Structure formats: structure tokens, C-alpha cells
Number of protein chains: 2
Amino acid sequence: MRIGVEDAVDFARGAAFLGTGGGGDPYIGRLLLQEALNKNGPANVVSVTELDDDALVVPIAGMGAPTVIIEKIIGFAEGERVLRAIEARMGRKATAIISAEIGGLNALYPTAMAANLGLPVVDGDGMGRAFPELQMVSFNIVGQRASPVAMCNEYGDIVMIDSEDNHRVETLARPVVVPMGGLCMMSLYAMTGAAAKTCVIRDTLSLALGIGRALGGARRAQQDPFEALFAYLRSTEYYRHCRLLFDGKIVDLRRETQRGWAIGHVVLEDIAGSGKRMEVTFRNEFLRARRGGRTVAIVPDLISILDRETAEPITTENLKYGQRVKVVGSSVPPIMRSERALEVWGPRPFGFDEPFIPIEAAGG
Amino acid sequence: MRIGVEDAVDFARGAAFLGTGGGGDPYIGRLLLQEALNKNGPANVVSVTELDDDALVVPIAGMGAPTVIIEKIIGFAEGERVLRAIEARMGRKATAIISAEIGGLNALYPTAMAANLGLPVVDGDGMGRAFPELQMVSFNIVGQRASPVAMCNEYGDIVMIDSEDNHRVETLARPVVVPMGGLCMMSLYAMTGAAAKTCVIRDTLSLALGIGRALGGARRAQQDPFEALFAYLRSTEYYRHCRLLFDGKIVDLRRETQRGWAIGHVVLEDIAGSGKRMEVTFRNEFLRARRGGRTVAIVPDLISILDRETAEPITTENLKYGQRVKVVGSSVPPIMRSERALEVWGPRPFGFDEPFIPIEAAGG
């Protein structure tokens, strides 16, 4: 598959949906992607099944608070430097790059980088969505090692981390993000093609493009974009249990940047005036949606907040008091709901004292 | 020169004096040193003038809050790992190791390591005392590059930093210390023998040993240790303008661990009951002593607080309410008071809005 400049808007919109509020600002990501695709032609997107077993697959991601990402523009040099640092450590060249998460900037930047460097980008990622911590990735769930980790900022500062423990990698890397300038590019979980086949959440670049096309197509045809979105999601193996969770306006918003994350919650009131409310808790990404004190969607299932007219996905940092929005919930594929997966990115790792309830069973 | 196990107690006591409250707990450092010297025989201490110009001199230091260092014992594996990490990056073996600062643990650990590894340790250091920040080192003052920087903790986690800017190295490394466990070993400013000859503060291991011997000798001979200390200091080129700044007891103490430093101040009241007070401000090290609101000693000159009977140097984290102490001030050599040096470790870099006043000119 190829992603060309004509796909950039749809791809960015789909990536914003999968970002569930996080993953980094898709607008900046789209500009970077358009620049790269204009200059170099389409990016070469390959299936994980096409990789040689001894290929070197290098994940690329930005790390930082979404509140910083909308103000600070990251360039291509940072991503290329982390790639080169990993190559130097592995003693070989990268065969392909891959998104660590298929959300926002982090879905788009690796594709832009792939076009720039003439490398293929894998159709897949490590989260099937976006998550706020480095160990919350399918590569970790199957036991891949996060180290060596490379981080780079716009000054060319490089920080490399080696640890046996993927959780400590998160603990060591997170405080570096602030002196790095609030946002940096990084690479971690470099792996062989054989390993990638065991843990990549597959075909999520195609999925992002499909979601974006459904939304964009409906808008262009002046059809209901939500209907088009649901119809498309139901046609995928991924997010087929999807539905409208709430239709309302934002009446309360608490958002703080803490230790490099955007942490808070947003409260919505029913647009129809029934007085019913929904509270959505977030840490970079939307994590839990409750209605009348009852959980109706929770991680790892997807909670997306979209403009109620245009179905444009809204990121955490772009939430505003008074906005009219619809909240959409979608199931995630079984690989993301396994017992081992829930230990890494289920409700409890996020500090919620409640079990995972699949969105299709949550009722409401 | 050789430092043998019979020198360990004196050497540690002298290093504690030069640590001016910081440099890491000398007790733990002394235990490590005794273990190493017992096992391997004396450490080989070489003058910087004996180094080949193309030698690779690797500084070693612990980084952390003194309040943590007294509770957490650091081992030899951490120091050896940072040395090996630097060697791997430089593509060659270290010729000699050197203390980054001649204070407390940081004076003793490299000597212990040298004995363990059969490497020489340079008679000198990068501070001529102890300072709380990584760029406050003579290596930086003459323009040596801090990077590559290696940091290692007891879990074997390694963090490496590369930056063009020595000040950013401090900013990037400092927040890593807390997730590293509050204390880690590190190496930075690896340099050639030729470079070392331009910037090492020379003969400070000998100096620490001389100070320790003066104090220990007087105690053993039941003479006044302060007189012996002053007599010895006056015989050196280094700290010859030395004098008693205050004789009192601790009546107030404020000490907080902030961002990996022990920050605060201690207030002393005249032991003779005149009601006169001295306030000593510290960040790991004692930075400024004021009497009656007037500065009588300030960085980079040495301010040491010693037990008023035994003249045992007291570190920041061992200050206690009610302690009877003497405050001793000493001048530092001209190389440490140059205009360029004061820009790095004079009053203003520490946030004091006052010029440097040499202790011999400060009066009082």
C-alpha cells in the first residue's frame, strides 16, 4: 500500500480518532506528513507479513504532553537522530520503521519519516490506539525489551537508556521529557521482523486511513459522518462494537500538565436538556467514560470525542467549555483485551479500582 | 604516591573537610575505600604531570542528594559500569581515573575504584572542593565537553547523555537521579592527558590526606585540632587564608530535599552567649556564611562546619539542632577565583545577588 499526499487529510483525521484525545496534535503531524509526501512522493506501507524474519524494525514515537505538542513544532532531524542512534547501537541499518502508537502525531510522523528516508513503514503499531506510558505497548506485552531507548530534542541532545525492566524505562525517560523541552522524539523496542510478527497490532495504518475516508467521504457527500463512521468501524475486525455514548455539551473541564502528561476530566451535559451528565477522565488519552456514576466505556476500549456536527475528532488539549460534542465508544480487538494485555493497559494500571467491562457488555 | 589502608581514616576526614558539607557521606566512602585497599593493596596516585598527553582520563562521581547517600549504599559495580560505558563510547581503555570533586564520597570512591581495577588515580580533581552541579567543574571552565555522560544505578540501568551544552547536561541528568533511586554513579568530561594538564585542580588528594593527618595527628597527640588544621592549611598553596568564622551552637535548621539536592540553611548562636548569630546557607554544600546580616565567606571559598571539640567535619545531612560547632573559612587558590571560574561557581550562579569577596578581604 502507498500513502500519498492526497491521503494525508483523511489519514490524519483517522489517526486523530484512534488517538482517543492523545497521540499528539494531528494538525502538526499532518503538516509534516504533507511536506514529506510532497517532497518525496508516497510512503511505502508494508504488511508485517512481508518483513524478513531478520529485518530490523525500529519504532518511532514522540513523547510529551499534548499541551506542549500544540505549541512546539517537532522537526524531522529529531526522528532521524534517534533512528541513527538505535542503528549505531544495533550495529546495523533499519529495515523498516513503525509507529509505536496509531494516534495523532505518532501515527503520522513515522510515515512522514519513512517517505523522507526512503524506508518502508509497517502497516501496524504497538497500541492499536494511543496510550500515555511507554510500557503500554503490545511489544512489551509479549516480552520484547524496550532498551536501547534513544531520545532526541531540537537541540540535538541525545539521551539513551538501557534497562532490563521496561517499566523502569518509562520511569527513567519521563522526567527527561521536561528538560528536553516538553516534547522529544524517541525510539525504543527495536526488534526483528520475526518478533514484529508476534506483537504488532496489524493493519492500523490502513484502519486510520479507512476511518478518515469514511468521515471525509460523508462530509464531502453531505451525509451524516457518524453513520459513515459506525458503518465503517462495523465492517472492520477491530472496532466493530461501536456506538454513540453521549450527545452533549461541555460544562466542566479540568486539565493540568503534570509530569509531562495532560491530566484531568471533562463533564458533559445532555444536549437534549434532560440534565444527564457524562464524565470522561483522561491522561493524555480518554480513559474512562461514566454516565450517572456508572462506567459505560473504559480502557483499553476506545473513547473518542468528536464535534457533534462535523465528527472532527477533538484532542484532549483542544477541549473547550461549551463545545457541542458526541462521545463515541468502540471495542478493541481480542489481542488488546487479553488478560496479559489488561495487566499492562487495562483499568487497574491506570489506577481505576474496577475491572475491564467490554463496551458491548457495559450497557447504557 | 600511594594511599594505603592505613591512610583511609585521615584521607576520609580530609575529604569531608574539603566537601564543605557535601560530596556525599564520607563514612560510606571510607568503608568502600578500606574494603578496596584491604583487598588490593594501596592505590596508585599519580600526578597529572606524569600522564601521557594521549592518556584517557575518566572522571567518576556520585550524583544525588546527601540525604539519600547516608541511607543508600552504593557499590563498585555501578562505578565500573559507567567506566566501561565511557570506554565503549571512546573506543579505548581508560588510562587513569580522577575524582570530579574532592569532597566526601566523591573523593574516596574513585580511589577505591582505582585500587579495585588496578588503574592509577590522578592526584587532583575538578572542583578543589565539592559543588552541587555538574557544570561547576574546572574541566567545564576551560571548555572541555561533559558528554558523553554515563549514569548507572544499583539495578544496572544505564542512562547516557550527549549534548553540546555542558549546562544542559546538568539539566538533563538531574531529574534522572530520582528515578535512578536518589543516587547514582556517573562519568562525564572524559579527556586526554593533555587536556587534564590544563584544567585539573592539582594535588588535592595529597591535600585531603594532609588535612586529615593534621586533624588526626592533633587528636592523637591531644593537641588542639583547629590549631593543627590552620597550621597545615597555611603551609599549603591552596587554602592558606583560613580562620575561625564562628564558634556556636545550632539554634535553627531548615533542610529540604528538592530535585535531588539538600537545600536549606542553619543558624548558629554564639557559644559565649553574646547573642550574635551566623546563618549558613547550603545546597548540598555550604555556600554562604553571614554574621549580623553581613557576608563573611561565600563560594567558591570554603565554609566548613566542624565539631567544636574534635574538629570532625560535619556534612549537611548530619547537622542537628543543638550541636556545638565551629565554622571555618578558607580561601581557594587563584585558579578557582578567576573571572571565568566565578561565572561558573561564584555567588551569582548560586543565585546570590552579591559579588565574590575573598575571605581574607571580608573582614569580621
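Student: Which residue of chain A comes closest to the rotation axis?

Tutor: Keep in mind that this is a predicted model, where local features need pLDDT of at least 70, side-chain atom pairs count only at pLDDT 80 or more, and totals for chains, interfaces and linings use all residues. Residues are numbered from 1 along each chain as its sequence is written, while chains are lettered from A and ligands numbered from 1 in the order in which they are written. Going by C-alpha, the residue of chain A that comes closest to the axis sits at 2.5 Å, and that's A:M160.

Student: What relation do chain A and chain B have?

Tutor: Superpose chain A on chain B (least squares on the C-alpha atoms of residues with pLDDT of at least 70 in both) and you get a rotation of 180° with 0.0 Å of shift along its axis, RMSD 0.0 Å. So the relation is that of a two-fold axis.

Student: How many residues of chain A are in contact with chain B?

Tutor: Contact here asks for C-beta atoms, placed from the backbone, within 7 Å of each other. On the chain B side, 17 residues take part. From chain A, the number is also 17.

Student: Which strand of chain B pairs with β7(A)?

Tutor: Strands are DSSP runs of E, at least two residues long, and helices are runs of H or I, at least four, both numbered from the N terminus. Pairing takes at least two DSSP bridges between two strands, and here there are 5, in the antiparallel sense. A:I161, for one, stands opposite B:V159. The partner, at residues 158–162 of chain B, is β7.

Student: How many residues does domain 1 of chain A give to its contact with domain 2 of chain A?

Tutor: The domain assignment, automatic or from a database, gives domain 1 (2–204) and domain 2 (226–362). Their centres, over C-alpha atoms, are 24 Å apart. Domain 2 of chain A brings 27 residues to the contact, and domain 1 of chain A also brings 27.

Student: Within what arc do the buried residues of α10(B) fall?

Tutor: Buried means 20 or more other C-beta atoms within 10 Å of a residue's own, exposed means 12 or fewer, and partly exposed is in between, with C-beta atoms placed from the backbone. In α10(B), B:P225, B:A228, B:L229, B:Y232 and B:L233 are buried, whereas B:E227 and B:S235 are exposed on the other side. The buried ones line one face of the helix, because seen down its axis (using directions from the axis to the C-beta atoms) they fall within an arc of 130°.

Key. Two residues are in contact if their C-beta atoms, placed from the backbone, lie within 7 Å.
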